[in-house]
Amino acid sequence: MAHRTRPTPRICPACDGFAYAAITLGGRDACGHLRTITAHCPACHGTGTATARRDREGARA
(Lines give C-alpha, C1' and ligand atoms only; values in the text may rest on other atoms or scores of the structure.)
Protein backbone atom coordinates (compact mmCIF):
# COMPACT_ATOMS: atom_id res chain seq x y z
CA MET A 1 0.00 0.00 0.00
CA ALA A 2 1.36 3.40 -0.92
CA HIS A 3 2.12 5.93 1.79
CA ARG A 4 0.26 9.18 1.66
CA THR A 5 2.48 12.19 1.37
CA ARG A 6 1.79 15.58 2.80
CA PRO A 7 1.40 18.47 0.41
CA THR A 8 4.37 20.79 0.41
CA PRO A 9 3.83 23.99 2.39
CA ARG A 10 3.08 27.02 0.29
CA ILE A 11 5.89 29.57 0.43
CA CYS A 12 4.83 33.13 1.19
CA PRO A 13 4.96 35.18 -2.05
CA ALA A 14 5.87 38.37 -0.20
CA CYS A 15 9.03 37.12 1.53
CA ASP A 16 9.87 33.93 -0.46
CA GLY A 17 10.08 31.91 2.76
CA PHE A 18 12.50 34.24 4.56
CA ALA A 19 10.00 35.30 7.20
CA TYR A 20 12.22 37.57 9.28
CA ALA A 21 15.52 39.35 8.96
CA ALA A 22 18.00 41.03 11.28
CA ILE A 23 18.60 44.64 10.26
CA THR A 24 21.55 46.62 11.55
CA LEU A 25 20.84 50.08 12.89
CA GLY A 26 24.35 51.32 12.14
CA GLY A 27 26.87 51.80 14.88
CA ARG A 28 27.88 49.69 17.84
CA ASP A 29 27.05 49.59 21.53
CA ALA A 30 29.54 50.09 24.38
CA CYS A 31 30.66 46.43 24.20
CA GLY A 32 31.35 46.62 20.46
CA HIS A 33 28.34 44.60 19.28
CA LEU A 34 26.28 45.65 16.28
CA ARG A 35 22.85 47.00 17.18
CA THR A 36 20.18 45.04 15.30
CA ILE A 37 16.41 44.74 15.16
CA THR A 38 14.31 41.86 13.85
CA ALA A 39 11.78 42.61 11.11
CA HIS A 40 8.97 40.14 10.42
CA CYS A 41 7.10 39.69 7.14
CA PRO A 42 3.73 41.46 7.45
CA ALA A 43 2.02 39.07 5.01
CA CYS A 44 2.76 35.76 6.79
CA HIS A 45 3.48 37.15 10.30
CA GLY A 46 6.89 35.50 10.48
CA THR A 47 5.92 31.93 9.51
CA GLY A 48 7.29 31.89 5.95
CA THR A 49 4.27 30.02 4.61
CA ALA A 50 1.05 31.24 3.08
CA THR A 51 -2.37 29.81 3.73
CA ALA A 52 -4.01 28.00 0.85
CA ARG A 53 -6.78 29.98 -0.76
CA ARG A 54 -9.88 28.03 -1.55
CA ASP A 55 -12.25 29.41 -4.11
CA ARG A 56 -15.82 28.93 -3.07
CA GLU A 57 -17.89 26.97 -5.50
CA GLY A 58 -20.44 29.17 -7.22
CA ALA A 59 -18.94 32.41 -5.84
CA ARG A 60 -19.13 35.39 -8.13
CA ALA A 61 -16.67 38.24 -8.24
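**Exercise 1. Contacts and overall make-up**

Task: Determine what share of the contacts between residues at least 6 apart in sequence join residues at least 24 apart, and state how many helices and strands the chain has.

Solution. Step 1: In this predicted model, among contacts between residues at least 6 apart in sequence, 48% join residues at least 24 apart.
Step 2: The secondary structure of the chain consists of 0 helices and 2 strands.
Step 3: The chain has 61 residues, of which 10% count as buried.
Step 4: About 6100 Å² of the chain is exposed, and 53% of this area is supplied by carbon and sulfur atoms.

**Exercise 2. The paired strands**

Task: State how β1 and β2 run and how many bridges join them, and then identify the bridge partner of Thr 24 in β2.

Solution. Step 1: Strand β1 covers residues 20-28, and β2 covers 34-40.
Step 2: The two strands run antiparallel, joined by 6 bridges.
Step 3: They form a hairpin with 5 residues between them. Within the turn, Gly 32 has a positive phi of about 95 degrees.
Step 4: Thr 24 has Thr 36 as its bridge partner in β2, while Ala 22 stands opposite Thr 38 in β2.
Step 5: A further distance concerns Ala 22 and Thr 36: their C-alpha atoms are 6.1 Å apart in space, although 14 residues separate the two in sequence.

**Exercise 3. Exposure along β1**

Task: Decide whether Ala 22 is buried or exposed, and classify Leu 25 and Gly 27 in the like manner.

Solution. Step 1: The cut-offs needed are under 20% relative accessible area for buried and over 50% for exposed, with partly exposed in between.
Step 2: Ala 22 lies in strand β1. Its relative accessible area is 62%, so Ala 22 is exposed.
Step 3: Leu 25 is also part of β1. With a relative accessible area of 48%, Leu 25 is therefore partly exposed.
Step 4: Gly 27 is another residue of β1. Because its relative accessible area is 39%, Gly 27 is partly exposed.
Step 5: Neighbours within four places in sequence aside, Gly 27 is in contact with His 33, Leu 34 and Arg 35.
Step 6: Leu 25 also takes part in a nonpolar surface patch with Ile 23 and Ile 37, with an area of about 250 Å².

**Exercise 4. The nonpolar core**

Task: Name the residues of the largest nonpolar core, and list the contacts of Cys 44 beyond its neighbours within four places in sequence.

Solution. Step 1: The largest nonpolar core has 5 residues, namely Cys 12, Cys 15, Ala 19, Cys 41 and Cys 44.
Step 2: Beyond its neighbours within four places in sequence, Cys 44 is in contact with Cys 12, Cys 15, Ala 19 and Thr 49.
Step 3: As background, nonpolar side chains in soluble globular proteins tend to be buried together.

**Exercise 5. Positive phi outside glycine**

Task: Give the phi value of Asp 16 and that of His 45, and locate each residue relative to the strands.

Solution. Step 1: As a reference point, most residues other than glycine have a negative phi.
Step 2: Asp 16 has a positive phi, near 55 degrees. This residue is found in the segment before β1, and at 55% relative accessibility Asp 16 counts as exposed.
Step 3: His 45 likewise has a positive phi, near 60 degrees. His 45 is placed in the segment after β2 and is exposed, with a relative accessible area of 66%.

**Exercise 6. The segment after β2**

Task: Establish which residues Ala 50 touches, not counting residues up to four places away in sequence, and how far Thr 47 lies from Gly 17 in space.

Solution. Step 1: Ala 50 belongs to the segment after β2. Its relative accessibility is 25%, so Ala 50 counts as partly exposed.
Step 2: Not counting residues up to four places away in sequence, Ala 50 touches Arg 10, Ile 11, Cys 12 and Pro 13.
Step 3: For one of these, Ile 11, the C-alpha to C-alpha distance from Ala 50 is 5.8 Å, with the two positions 39 residues apart in sequence numbering.
Step 4: Thr 47 lies in the segment after β2 and is exposed, at a relative accessible area of 53%.
Step 5: From C-alpha to C-alpha, Thr 47 and Gly 17 are 7.9 Å apart in space and 30 residues apart in sequence.

Terms used. Residues numbered from 1 in each chain as written. Predicted model: local features only at pLDDT ≥ 70, side-chain atom pairs only at ≥ 80, totals over all residues. Heavy atoms only, no water. Helix = DSSP H or I, 4+ residues; strand = E, 2+ residues; numbered from the N terminus. Buried < 20%, exposed > 50% of the residue type's maximum accessible area, 1.4 Å probe, protein only. Contact = heavy atoms within 4.5 Å. Patch = residues over 30% accessible without salt bridge, like charges linked within 9 Å, V, L, I, M, F, W, Y side chains within 5 Å. Areas by Shrake-Rupley, 256 points an atom, 1.4 Å probe, with all protein chains shown as cover. Salt bridge = Lys/Arg side-chain N within 4 Å of Asp/Glu carboxyl O. Pairing = 2+ DSSP bridges. Core = buried A, V, L, I, M, F, W, Y, C linked by side-chain atoms within 4.5 Å.
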